[in-house]
Amino acid sequence: MKLFTVGPVEMYPETLQVSGTQLPYFRNDEFSSIMKENEQQLLTLCGCRKGRALFLCGSGSAAMEAVVACSFRRQDKVLILRGGSFGERFVQLCRIYGIPYDELCLQELEALRKEHLDAFFQNEYCALLVNLHETSTGQLYDIQLLSAFTKAKNMYLIVDAISSFMADPLDMDQMGIDVLILSSQKALALSCGLSMVVLQESFYRDMVEPKDDICLYLSLKEHARNMERGQTPNTPAVGILMELHERLQHLQGDGFVLEQQRIATRAAYFRSRVQKLEIQLPHFPLSNALTPLLFDGDAQKVYQFLKKNYAITLTPSGGAMRERMLRVGHLGNLKLCDYSALCDGLREYGK
Ligand SMILES: *Cc1c(COP(=O)(O)O)cnc(C)c1O
């Protein structure tokens, strides 16, 4: 089976080799130095010169929850860009943790425009919470637009880049991003269950550090205190941290840019081929992470056809889009010939 999903994705042989080995013990200097190297290399990849990287045991939503719970107080109103189910998750989190919020809601398949943000310009907010690539629809938001808005309003910019990281251009310092949320199973192509929060030092000092803890396991303060010596408050996802350590060696130097280019090349290649098949794509800007395909009520049938006849798994959609959209992932260990096979399958179905 070939996975054209967005997480877990096809893993690299080097990662699979690490995941098949005995875990080391972690409360010692050797593991601390692996953690410190992971932190430094991740900060470099994110373009964060003065910050912290924290490693949580839990999928990406755990990191989203930790950021909402540990950064904002009941007087810190936030603006949430809600363009799909991941935007909705930020809304749910703010509701649960009692953080006041406004929602900028996009209609189904509607592109974000400057006027959407302008409508909120007069209001006071502490921060903007966005999923840079709203994975549920495939829309990539214009980070320059968002960043200009938060800068002009002197707000913090909190970015869930879980599916955008490595697929699209990203640089925390350059783009004025205060917090970046990442997770192991997307472009990093590691096992599921590790998530990361990268914070600018100023955000940590002004928002996280002064706030009393309201949770323990996801406490960013506890993680930050422990991370000063390369440790975590509880048993971390040791195996995935070892996988990450191995993966980061390949992403050093120009490795990161090369992987980004490979993802972008796959996306461009697939999109040019699929256009000839008369399959519709949405009109909003797309992330390189995936290509959403629109169908006329038979998305599930296409999904089953490819699975059964081509051993290909695409990413199905939920809710209202269940029968209308399938998403084709471009992350992980996929080659152009895999996309040729996929296009053959799609053509065969259409016959
Ligand atoms: C995958 C993803 C998440 C995290 O989902 P989990 O199932 O908790 O890993 C969050 N935000 C976005 C944009 C994602 O693509």
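How much space lies in the largest pocket? About 380 Å³, in what is a predicted model.

**Figure 1. A look into the largest pocket, with about 380 Å³ of space.** Start with the residues nearest the centre of this pocket: Gly84, Ser85, Ser136, Thr137 and Met321. They belong to a lining of 18 residues. Sort that lining by class and you get nine polar, five nonpolar and four charged residues.

**Figure 2. The second largest pocket, with about 260 Å³ of space.** Here 21 residues make up the lining, and Val6, Phe86, Thr135, Gln185 and Lys186 are the ones nearest the centre. Two elements, helix 3 (60-71) and helix 4 (85-96), each give two or more residues to the lining of this pocket. What does the lining of the second largest pocket look like by class? It has 13 polar residues, along with four nonpolar and four charged ones.

**Figure 3. The largest cavity, holding about 60 Å³ of space.** Now for the cavities: the count comes to three of 30 Å³ or more. Around the largest one you'll find Phe55, Leu56, Cys57, Tyr217 and His223, and the lining also includes Thr232, Pro233, Asn234, Thr235 and Pro236. Which element gives the most to this lining? That's strand 2 (residues 51-57), with three residues. There are no charged residues in the lining of the largest cavity, just six nonpolar and four polar ones.

**Figure 4. The second largest cavity, at about 40 Å³.** Gly83, Leu106, Gln107, Leu109 and Glu110 are part of the lining here. So are Thr137, Gln139, Tyr141 and Phe284. Sorted by class, the lining of the second largest cavity comes out as four nonpolar, four polar and one charged. If Thr137 rings a bell, it is also one of the residues nearest the centre of the largest pocket.

**Figure 5. Helix 11 (residues 255-275) packed with helix 13 (residues 336-350).** The axes of these two helices are 10 Å apart, and the packing angle is about 25°. An angle under 35 degrees counts as roughly parallel, so helix 11 is roughly parallel to helix 13. As for handedness, helix 11 passes helix 13 in a right-handed crossing. On the helix 11 side, look for Thr265, Arg266, Tyr269, Phe270, Arg273 and Val274. They meet Leu336, Tyr339, Ser340, Leu342, Cys343, Asp344, Leu346 and Arg347 in helix 13. Split by class, the residues of this contact between helix 11 and helix 13 are eight nonpolar, two polar and four charged.

**Figure 6. Helix 12 (residues 299-310) crossing helix 13.** At what angle do the axes of helix 12 and helix 13 cross? Roughly 120°, and they come within 10 Å. That makes helix 12 oblique to helix 13. This crossing is right-handed. From helix 12, the residues to pick out are Lys301, Val302, Phe305, Leu306 and Tyr310. Their partners in helix 13 are Ala341, Leu342, Asp344, Gly345, Leu346, Glu348 and Tyr349. Eight nonpolar, one polar and three charged residues make up this contact of helix 12 with helix 13. Some helix 13 residues turn up in both contacts: Leu342, Asp344 and Leu346 meet helix 11 and also meet helix 12.

Note on methods. Residues numbered from 1 in each chain as written. Predicted model: local features only at pLDDT ≥ 70, side-chain atom pairs only at ≥ 80, totals over all residues. Heavy atoms only, no water. 1 Å grid on protein atoms, 1.4 Å probe; cavity = no way out; pocket = protein on both sides within 12 Å on 5 of 7 lines; lining within 4 Å. Points joined across faces, edges and corners; volume = space filled by probe spheres on them. Helix = DSSP H or I, 4+ residues; strand = E, 2+ residues; numbered from the N terminus. Nonpolar A, V, L, I, M, F, W, Y, C, P; charged D, E, K, R; others polar. Axes fitted to C-alpha atoms, helices over the stretch in contact; angles between N-to-C directions. Parallel < 35°, antiparallel > 145°, perpendicular 65-115°, else oblique. Left-handed = near helix turned anticlockwise from the far one by under 90°. Contact = heavy atoms within 4.5 Å.
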